[in-house]
Amino acid sequence: MKHYLKHFAAIYSIALVILVAILIFGLQLGGITLIPALIASALLSASHFVKKEQRLPSSDEKIQLVWGCSAIAIIIASFFVFFLVLMNPNAEQILKAADEAGLGLSALIMLCLIAVHAVIFHFAYGWYTSFIARKQHLM
């Protein structure tokens, strides 16, 4: 599983760098553009697994891939968002507002982030791996 988690981390990091450079700064779009990078990276990683292993992931492997990729994605995205906030001219005000939001709101936001990541990776390593396997005549 380590290979596939590293593969996802590389794809996601490259996709984020490209999206951050082009979409957020070039087109003045917000941080919501991180979600398409997450979806594309998840689908590419899932198809890489099927193509390399020539099978669908077992239920144990699927659990490891979904939660491992979710953890990696949240860590990488957190660093990118942190740097985006620091590069913003209103960084002090943003950090002050985040501090005033409180623990409850921060926990709710993190819960939503975890749920979104889990749904995306569950879809990628569930339906999409089946789709790729059928496309390659493995099923």
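A search of the whole structure, which is a predicted model, identified 2 salt bridges. In one of them, the side chains of Glu53 and Arg55 meet with a nitrogen-to-oxygen distance of 3.5 Å. In the other, Arg55 pairs with Glu61, and the closest N and O atoms lie 2.7 Å apart. Side chains of opposite charge can pair when their charged atoms come close. With regard to burial, Glu53 is partly exposed, at a relative accessible area of 30%. Glu61, by contrast, counts as buried because its relative accessibility of 14% falls under the 20% limit. Arg55 is partly exposed, with a relative accessible area of 33%. Through shared partners, the salt bridges join Glu53, Arg55 and Glu61 into one network.

The backbone beside this network was examined next. Gln54 is placed in the loop between helix 2 (34-53) and helix 3, and this residue follows helix 2. The phi angle of Gln54 is positive, near 60 degrees, in a residue other than glycine. Most residues other than glycine have a negative phi. Gln54 is partly exposed, since its relative accessible area of 44% lies between the 20% and 50% limits. The loop between helix 2 and helix 3 also contains Ser58, which counts as partly exposed at 34% relative accessibility. Ser58 and Tyr125 are separated by 67 residues in sequence, while their C-alpha atoms are 10.0 Å apart in space.

The overall fold is made of helices. The chain has 4 helices and 0 strands, and its pattern along the sequence reads α-α-α-α. Of the 139 residues in the chain, 35% are buried. The chain exposes about 8,500 Å², and carbon and sulfur atoms supply 72% of this area. Among contacts between residues at least 6 apart in sequence, 79% join residues at least 24 apart.

Helix 2 was considered in further detail. This helix comprises 20 residues and reaches 28 Å from its first C-alpha to its last, close to the 28 Å expected at 1.5 Å a residue. The buried residues of helix 2 include the nonpolar Leu34, Ala37, Leu38, Ala42, Ala46, Phe49 and Val50. Serine is also represented among the buried residues of helix 2, by Ser41, Ser45 and Ser47.

The interior of the model was then analysed. The largest nonpolar core holds 27 residues, of which Phe8, Tyr12, Leu16, Leu38, Phe121 and Tyr125 touch the most other members. Helix 1 (2-26), helix 2, helix 3 and helix 4 each supply at least two residues of this core. Tyr12, one of the core residues named above, touches Leu34, Ala37, Leu38, Ser41, Ala73, Ile76 and Ala77 when residues up to four places away in sequence are not counted. Four of these partners, namely Leu34, Ala37, Leu38 and Ser41, are also among the buried residues of helix 2. Another buried position is Ser70, placed in helix 3. Ser70 counts as buried because its relative accessibility is 3%, under the 20% limit. With residues up to four places away in sequence not counted, Ser70 touches His117, Ala118 and Phe121. Phe121, in turn, is one of the core members that touch the most others.

A nonpolar patch was also found on the surface. The patch is formed by Ile63, Trp67, Leu105, Leu108, Ile109, Met110, Leu111, Leu113 and Ile114, which together have about 830 Å² of accessible area. Helix 3 (59-87) and helix 4 (91-135) each supply at least two of its residues. Helix 4 gives the most, with 7 residues. One member of the patch, Leu111, lies in helix 4. Leu111 is exposed because its relative accessible area of 54% is over 50%.

Notes
Residues numbered from 1 in each chain as written. Predicted model: local features only at pLDDT ≥ 70, side-chain atom pairs only at ≥ 80, totals over all residues. Heavy atoms only, no water. Patch = residues over 30% accessible without salt bridge, like charges linked within 9 Å, V, L, I, M, F, W, Y side chains within 5 Å. Areas by Shrake-Rupley, 256 points an atom, 1.4 Å probe, with all protein chains shown as cover. Salt bridge = Lys/Arg side-chain N within 4 Å of Asp/Glu carboxyl O. Buried < 20%, exposed > 50% of the residue type's maximum accessible area, 1.4 Å probe, protein only. Expected span 1.5 Å × (residues − 1). Core = buried A, V, L, I, M, F, W, Y, C linked by side-chain atoms within 4.5 Å. Contact = heavy atoms within 4.5 Å.
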